[in-house]
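Colleague: I would like to go through this model with you. Could we begin with the surface and then turn to the interior?

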Amino acid sequence: MDAMDLLGPEDIERIERDHAGGLPASTILEIFRPCGVQLSEATFRKYVQAGLLPRSRRVGRKGKHQGSRGLYPVESVRRINAIKKMMAEGHTLEDIKRSFLFHKNHIDQLQRNLSEVLDGFQAELGDRPFAGAHRRTLEEQLANLRSRAQDLVRDVARLGSAVTAHADETGRSH
């Protein structure tokens with residue numbers, strides 16, 4: 001497979017804009033089919049289980065007895081594109097798992113989890129009748145935590161990039 005057959009940056013940005021809420025696995029597979037990328041549901045699941053792709057979240061469907069479906073974060077498309085490029089360059093799945101891509105998946109999950117917790121606090125804060133000064137104090141603390149969470153995620157990503165780049169420069173360590 002030629003890396004040129006994969007999605008370009010503009011394609012990925014458009015997909016991320018159009019599907020910000022996430023995508024079912026079947027749609028992700030369809031996105032890559034015109035590119036000639038061999039990607040089955042089993043391979044997709046293997047990438048998720050290996051930690052190369054984020055896990056899905058269950059989202060209820062509208063209507064009675066419609067159940068729910070799994071939606072994968074839209075960055076899964078960017079990750080698959082990167083995985084397939086690395087494989088086209090001769091990297092194995094083990095090489096990829098040692099790369100920053102593997103760690104980026106966990107860093108993105110950390111960011112989603114922190115946002116979910118802080119958004120929950122924001123919703124609780126809006127629903128409760130706190131006195132003015134106490135509400136302002138809590139809002140300031142929440143804003144401060146959001147800023148610190150962004151800084152933490154950025155610093156973890158920077159460290160991960162430096163550590164994995166260093167490992168790539170010095171060769172594989174066993």
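Modeller: The chain exposes about 11300 Å², and carbon and sulfur atoms supply 52% of that area. Please keep in mind that this is a predicted model.

Colleague: What percentage of the residues count as buried?

Modeller: Of the 174 residues of the chain, 30% count as buried.

Colleague: And how many helices and strands are there?

Modeller: The chain has seven helices and two strands. Their order along the sequence is α-α-α-β-β-α-α-α-α.

Colleague: Among contacts between residues at least 6 apart in sequence, what share joins residues at least 24 apart?

Modeller: That share is 64%.

Colleague: Let us turn to charged pairs. How many salt bridges does a search of the whole structure find?

Modeller: The search finds twelve salt bridges. One of them joins Asp108 to Arg79, with the closest N and O atoms 2.1 Å apart. This pair links distant parts of the chain, since Asp108 belongs to helix α6 (residues 100-127) and Arg79 to helix α4 (residues 75-88), 29 residues apart.

Colleague: Are Asp108 and Arg79 buried or exposed?

Modeller: Both Asp108 and Arg79 are buried. Arg79 has a relative accessible area of 4%, which is why it counts as buried, the cut-off being under 20%.

Colleague: Which residues does Arg79 touch, leaving aside those up to four places away in sequence?

Modeller: Arg79 touches Leu52, Leu53, Pro54, Leu101, Lys104, Asn105 and Asp108. The salt-bridge partner Asp108 is thus among the residues that Arg79 touches.

Colleague: How do α4 and α6 pack?

Modeller: They pack at an angle of about 170°, and their axes are 11 Å apart. Angles over 145 degrees count as roughly antiparallel, and α4 and α6 are therefore roughly antiparallel to each other. On the α4 side the contact is made by Glu75, Arg79, Ala82, Ile83 and Met86, and on the α6 side by Leu101, Lys104, Asn105, Asp108 and Arg112.

Colleague: What classes do those residues fall into?

Modeller: The contact of α4 with α6 has four nonpolar, one polar and five charged residues. Both members of the salt bridge between Asp108 and Arg79 take part in this contact.

Colleague: What about α1 and α4, at what angle do they pack?

Modeller: Helix α1 (residues 9-18) packs with α4 at an angle of about 155°, the axes being 9 Å apart. By the cut-off already mentioned, α1 and α4 are therefore roughly antiparallel to each other. In α1, the residues Ile12, Glu13, Ile15 and Glu16 meet Glu75, Val77, Arg78 and Asn81 in α4. By class, these residues of the contact of α1 with α4 are three nonpolar, one polar and four charged.

Colleague: Glu75 has come up twice. How far is its C-alpha atom from that of Ala20?

Modeller: The C-alpha atoms of Ala20 and Glu75 are separated by 9.0 Å, while the two residues are 55 residues apart along the chain. Ala20 itself lies in the loop between α1 and α2 (25-32). Ala20 counts as exposed because its relative accessibility is 62%.

Colleague: Back to the salt bridges. What is the partner of Asp119?

Modeller: Asp119 pairs with Arg146, and the closest N and O atoms are 3.0 Å apart. Asp119 lies in helix α6 and Arg146 in helix α7 (residues 132-170), so the pair ties together parts that are 27 residues apart in sequence.

Colleague: How accessible are these two, Asp119 and Arg146?

Modeller: Asp119 counts as partly exposed at 41% relative accessibility, and Arg146 counts as partly exposed at 27%. Asp108 and Arg79, by contrast, are both buried.

Colleague: Which residue forms a salt bridge with Glu124?

Modeller: Glu124 forms one with Arg128, the closest N and O atoms being 2.9 Å apart. Glu124 is partly exposed at 39% relative accessibility, and Arg128 is partly exposed at 46%.

Colleague: Which residues are linked in a network of salt bridges?

Modeller: Asp151, Arg154, Asp155 and Arg158 are linked in such a network.

Colleague: One last residue, Leu138: where does it lie, and what does it touch?

Modeller: Leu138 lies in helix α7. Not counting residues up to four places away in sequence, Leu138 touches Leu125 and Phe130. Leu138 is partly exposed, with a relative accessible area of 24%. The C-alpha atoms of Leu138 and Gln122 are separated by 9.5 Å, with the residues 16 apart along the chain.

Terms used. Residues are numbered from 1 along each chain as its sequence is written. This is a predicted model: local features need pLDDT of at least 70, side-chain atom pairs count only at pLDDT 80 or more; totals for chains, interfaces and linings use all residues. Side-chain values use heavy atoms; hydrogens and water are left out. A salt bridge is a side-chain nitrogen of Lys or Arg within 4 Å of a carboxyl oxygen of Asp or Glu. Helices (H or I, at least four residues) and strands (E, at least two) are DSSP runs, numbered from the N terminus. Buried means under 20% relative accessible area, exposed over 50%, partly exposed in between (1.4 Å probe, protein chains only). Contact means heavy atoms within 4.5 Å. Accessible areas come from the Shrake-Rupley method with a 1.4 Å probe; for residues, only the protein chains shown count as cover. Axes are lines fitted to C-alpha atoms, for helices over the stretch in contact, and angles run from 0 to 180 degrees between N-to-C directions. Angles under 35 degrees count as roughly parallel, over 145 as roughly antiparallel, 65 to 115 as roughly perpendicular and the rest as oblique. Ala, Val, Leu, Ile, Met, Phe, Trp, Tyr, Cys and Pro count as nonpolar, Asp, Glu, Lys and Arg as charged, and the others, Gly among them, as polar.
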